[in-house]
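Visitor: Please take me through one part of this model closely. I would like to look at the ligand and what surrounds it.

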Amino acid sequence: MNGKVYLIGAGPGDPELLTLKAHRLLLGADVVLYDRLVGDEIIALIPDAAEKMYVGKAKSLHSLPQGEINSLLAKKAKEGKSVVRLKGGDPFIFGRGGEEIEELVEEGVEFEVVPGVTAAAGCAAYAGIPLTHRDYAQSVRFLTGHLKDGSTGLPWDELVHPAQTLVIYMGLTGLAEISDSLQRFGMLGSMPVAIVEKGTTKRQRVFTSDIKNIPQIALDNEVKSPALLIIGEVVLLQDKLSWYN
Ligand code: SAH
C-alpha cells in the first residue's frame with residue numbers, strides 16, 4: 001500500500017508556533033526530511049524511531065538538488081511510509097512547496113499540505129511590528145530578494161508606494177542593491193527599516209534604521225541569515241510595541 005507525504009510548515013523557529021496538526025503528524029512520521037531553516041528544538045520532537053534526513057539548503061553546504069528531494073519523497077511514500085517533509089515557515093511562501101508536490105501529483109502519491117507561520121508573520125509579531133496598521137499601511141507585500149539566477153529582479157517602481165509595508169525574504173545578500181534601488185525609484189532615505197535575525201528564536205536580534213543606512217547597520221552588527229527585512233512606517237511602532245526578550 002502507498003504511504004503519504006505531508007508537506008508541513010514548521011514555522012520560523014519557536015517550536016510552540018508549530019500547529020497542532022504539524023505536531024501530531026511529526027509524532028507519527030516514519031521518515032522526516034527537513035532543511036536548514038527548521039530549528040533544533042523542532043528536530044528534537046521527531047521520534048527516535050523515525051528516519052531523519054537532512055536535505056540542506058544552505059547556499060554552499062552539502063545539500064540535495066531539488067529534483068532529488070522531490071523523487072525521494074515519492075520513493076519513500078511508495079514504500080508505504082508516512083513521510084513528513086518539514087520546511088521552515090510556510091511551505092507555500094518562498095518554500096518551493098509547489099515544486100515538491102507537483103512531482104507527487106505526477107507519480108500518483110497522496111499528500112497533504114499543512115500551513116505554517118511564515119517568517120513575515122512570526123518575525124513581525126516577535127519584533128513588535130504590526131505589518132498593517134490603519135494609520136500607516138493598508139497593504140503588505142512579501143518579496144524575495146533572491147531569484148534563481150542570483151539577481152534580485154524586483155519591480156522597484158511598484159515597491160515605492162505610500163501606505164505599503166514591504167517584507168523581503170532572503171534580502172541580506174542583496175541589501176545594498178535593495179537600499180540603492182528603492183531610493184533611486186523615489187523612496188526617502190529616511191524610510192524606516194527593520195532587520196529581524198533568527199526571528200522567534202531565543203537568539204532573535206532586531207535592528208532598526210532607515211533605508212539609507214540599513215546596509216551599514218547590517219555590516220556593523222554582522223547580521224547573518226536567516227534574516228528578514230521589514231520596510232515601512234509600521235517599523236516606527238517597534239519602539240513602543242516590542243515585547244519579546
Ligand atoms: N517558507 C519560509 C521562507 C523560506 S525562504 C517561510 O514561510 O518563512 C528563507 C528566508 O526566510 C530567509 O532567508 C529569511 O529571509 C526568512 N526567514 C525564515 N525564517 C526566519 C527567521 N526565523 N528569522 C528571520 N528570517 C527568517
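Guide: A polar backbone atom of Met-170 sits 2.8 Å from an oxygen atom of the ligand. This is a predicted model, so read every distance as computed. Two further backbone contacts involve ligand nitrogen. At Ile-93, a backbone N or O atom is 2.7 Å from a nitrogen atom of the ligand. At Gly-88, the distance from a backbone N or O atom to a nitrogen atom of the ligand is 3.0 Å. On its own, the ligand has 550 Å² of accessible area, and the protein covers 94% of that. The surroundings comprise 19 residues. Ile-93 is among those that come nearest, along with Asp-90, Thr-118, Gly-199 and Ala-227.

Now set those residues against the domains. Domain 1 spans 4-114, and domain 2 spans 119-241. Gly-88, Asp-90 and Ile-93 fall within the bounds of domain 1. Met-170, Gly-199 and Ala-227 fall within those of domain 2. The C-alpha centres of the two domains are 28 Å apart.

The domains also touch each other. Ten residues of domain 1 contact 16 residues of domain 2. Together the two domains bury about 980 Å², with 61% of it on carbon and sulfur atoms. One salt bridge is found across this interface. The side chains of Glu-41 and Lys-202 form a salt bridge, at 3.1 Å from N to O. On the domain 1 side, the residues touching domain 2 are five nonpolar, one polar and four charged. Four residue pairs are in polar contact across the interface, both partners at pLDDT 80 or more.

Note on methods. Residues are numbered from 1 along each chain as its sequence is written. This is a predicted model: local features need pLDDT of at least 70, side-chain atom pairs count only at pLDDT 80 or more; totals for chains, interfaces and linings use all residues. Side-chain values use heavy atoms; hydrogens and water are left out. Domain bounds come from an automatic or database domain assignment. Contact means heavy atoms within 4.5 Å. Buried area is the accessible area (1.4 Å probe) that two parts lose on being put together, summed over both. A salt bridge is a side-chain nitrogen of Lys or Arg within 4 Å of a carboxyl oxygen of Asp or Glu. A polar contact is a pair of N or O atoms within 3.5 Å; within protein, one must be able to donate a hydrogen and the other to accept it, and residues adjacent in sequence count only if both atoms are side-chain atoms. Ala, Val, Leu, Ile, Met, Phe, Trp, Tyr, Cys and Pro count as nonpolar, Asp, Glu, Lys and Arg as charged, and the others, Gly among them, as polar. A residue is near a molecule or strand if one of its heavy atoms lies within 4 Å of it. Accessible areas come from the Shrake-Rupley method with a 1.4 Å probe; for residues, only the protein chains shown count as cover.
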